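Here's a quick tour for anyone opening this one up for the first time. Have a look around, then read on.

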Amino acid sequence: MKKIVRIAFLAIALGFGAWAIYRQWDEVVAGFARLSWPMVALSLVAVVAALLGAMLTWRSLLNDLGSRLSFRDGAKVFFVGQLGKYIPGALWPVIAQMEMGKDLGVPRSRSAAAFFLMMPIQLATGLLVTLATLGWSSYGWVLLAIPVLLVLLEPKVINRVISLVLRKLKREPLEHPLSRKGMLTALGWALTGWLAYGLHLYFIVGSDPIFCIGAFALSWCLGILTFVVPAGAGVREVAMVAVLAPLLPQGDAIAVALVSRIVIIAGDALCAGLAGLTAKRAGV
């Protein structure tokens with residue numbers, strides 16, 4: 001039943017997206033024609049920087065929990081595992097990271113804890129970036145979610161939740177509980193990632209970098225909340241088109257959203273390929 005729901009949700013999201021493109025086809029084509037492809041290439045560089053920020057967020061959590069991976073090993077486990085997000089279902093990335101991490105001596109429980117801690121960290125920082133860049137008047141409702149996320153980011157709360165889950169699963173408790181320093185380090189890398197993601201959108205749009213940072217953060221947060229579809233497919237693009245409405249005509253906004261998705265997919269593939277190749281040459 002869950003699989004049917006996921007497939008139906010994905011079909012609906014993609015269907016609405018395809019219909020929007022069809023209705024605005026001439027405008028979308030014109031929007032693509034106005035894109036600066038050298039700037040799109042710079043957008044890919046910014047995406048790689050953003051993905052590095054995400055990897056360092058995850059790695060700082062893992063290090064704080066007691067498993068210190070080198071940059072190269074961490075990049076391989078994170079980036080290769082992240083390709084699983086394009087498969088329907090939310091657990092493929094964490095399963096891949098758990099298995100690859102185990103080969104490097106990382107207990108599965110630590111890999112899982114680091115993976116699941118990333119979502120509230122990215123949501124909290126993404127919503128804060130939205131408020132700071134898009135303004136209180138239009139997006140003040142975001143404040144409703146922030147207190148809950150801040151509670152979830154308190155290390156004492158997190159450690160108790162992790163201990164409870166591991167006890168229910170009859171697993172050994174974590175040897176090293178998450179510290180406040182480790183959490184703050186992860187939050188810092190997450191904020192760096194949002195800045196890079198915003199620059200990636202700015203390079204495509206070509207104007208108002210502050211607005212682009214907030215626009216991408218908000219559309220990503222809305223997309224990640226619909227975890228039943230692979231990597232928020234379709235949802236993030238619809239949200240991005242809506243958020244870009246004050247800045248761009250709809251046809252141009254659709255072209256920007258599609259190019260953004262393509263650039264991010266290319267960035268994921270590039271980072272996974274480079275990390276895997278580097279690790280292979282090093283014999284990891």
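## Starting with one glutamine

Which residues does Q122 touch, leaving out those up to four places away in sequence? The list is short: A54, W194 and W220. One thing to keep in mind as you go is that this is a predicted model.

Q122 itself is in helix α6, which covers residues 108–134. Is Q122 buried or exposed? Its relative accessible area is 16%, and since buried means under 20%, Q122 counts as buried.

## The overall build

Step back, and you'll see helices: the chain comes to 13 helices and 0 strands. Read from the N terminus, the elements simply go α-α-α-α-α-α-α-α-α-α-α-α-α.

How much of the chain is tucked away? Of its 284 residues, 48% count as buried. On the outside, the chain exposes about 14300 Å², and carbon and sulfur atoms supply 70% of that area. Contacts also reach a long way along the sequence: among those with a separation of 6 or more, 70% are between residues 24 or more positions apart.

## The nonpolar core

In soluble globular proteins, nonpolar side chains tend to be buried together. Here, the largest nonpolar core has 68 residues. The ones with the most contacts inside this core are W58, L61, F79, I121, L201, F216 and L244. Plenty of helices chip in, with at least two core residues coming from each of α3 (37–64), α4 (71–82), α6, α9 (155–168), α10 (180–205), α11 (209–225), α12 (235–243) and α13 (250–281).

Take I121 from that list of well-connected residues. Beyond its neighbours up to four places away in sequence, I121 touches T57, L61, L153, M183, A186, L187 and A190.

## Two residues worth a closer look

M118 is another residue of helix α6. M118 is buried, with a relative accessible area of 6%. Setting aside residues up to four places away in sequence, M118 touches A54, T57, W58, L61 and F78. One of these partners, T57, is 61 residues from M118 along the chain, yet their C-alpha atoms are separated by 7.4 Å.

F79 belongs to helix α4, and at 5% relative accessible area F79 is buried too. Apart from neighbours within four places in sequence, F79 is in contact with L51, L52, M55, C271, A272 and A275. The C-alpha atoms of F79 and L51 are 8.4 Å apart, with their positions 28 residues apart in sequence.

## What about the cysteines?

A disulfide is a covalent bond between the sulfur atoms of two cysteines. How many disulfides does a search of the whole structure find? The count is 0.

Two cysteines to look up are C221 and C271. C221 is buried, at a relative accessible area of 2%. C271 counts as buried as well, with 6% relative accessibility, and C271 is one of the residues in contact with F79.

## Out on the surface

Some nonpolar residues sit at the surface instead. L91, W92, I95 and F116 form a nonpolar patch there, and together they have about 400 Å² of accessible area. L91 is in the loop between α4 and α5 (92–103), and at 45% relative accessibility L91 counts as partly exposed.

## Salt bridges

How many salt bridges are there? The count comes to 2. In one of them, the side chains of R108 and E99 meet at 2.9 Å, N to O. Both ends are partly exposed: R108 has 34% relative accessibility, and E99 has a relative accessible area of 38%.

In the other, R180 pairs with E154 at 2.7 Å, N to O. This pair links distant parts of the chain, 26 residues apart, with R180 in helix α10 and E154 in the loop between α8 (146–152) and α9. R180 is partly exposed at 46% relative accessible area, and E154 is partly exposed at 23%.

Key:
Residues are numbered from 1 along each chain as its sequence is written. This is a predicted model: local features need pLDDT of at least 70, side-chain atom pairs count only at pLDDT 80 or more; totals for chains, interfaces and linings use all residues. Side-chain values use heavy atoms; hydrogens and water are left out. Helices (H or I, at least four residues) and strands (E, at least two) are DSSP runs, numbered from the N terminus. Buried means under 20% relative accessible area, exposed over 50%, partly exposed in between (1.4 Å probe, protein chains only). Contact means heavy atoms within 4.5 Å. A disulfide is a pair of cysteine sulfur atoms within 2.5 Å. A nonpolar core is a set of buried Ala, Val, Leu, Ile, Met, Phe, Trp, Tyr and Cys residues joined through side-chain atoms within 4.5 Å. Accessible areas come from the Shrake-Rupley method with a 1.4 Å probe; for residues, only the protein chains shown count as cover. Patches are made of residues with over 30% relative accessible area and no salt bridge: like charges are joined within 9 Å, nonpolar side chains (Val, Leu, Ile, Met, Phe, Trp, Tyr) within 5 Å. A salt bridge is a side-chain nitrogen of Lys or Arg within 4 Å of a carboxyl oxygen of Asp or Glu.
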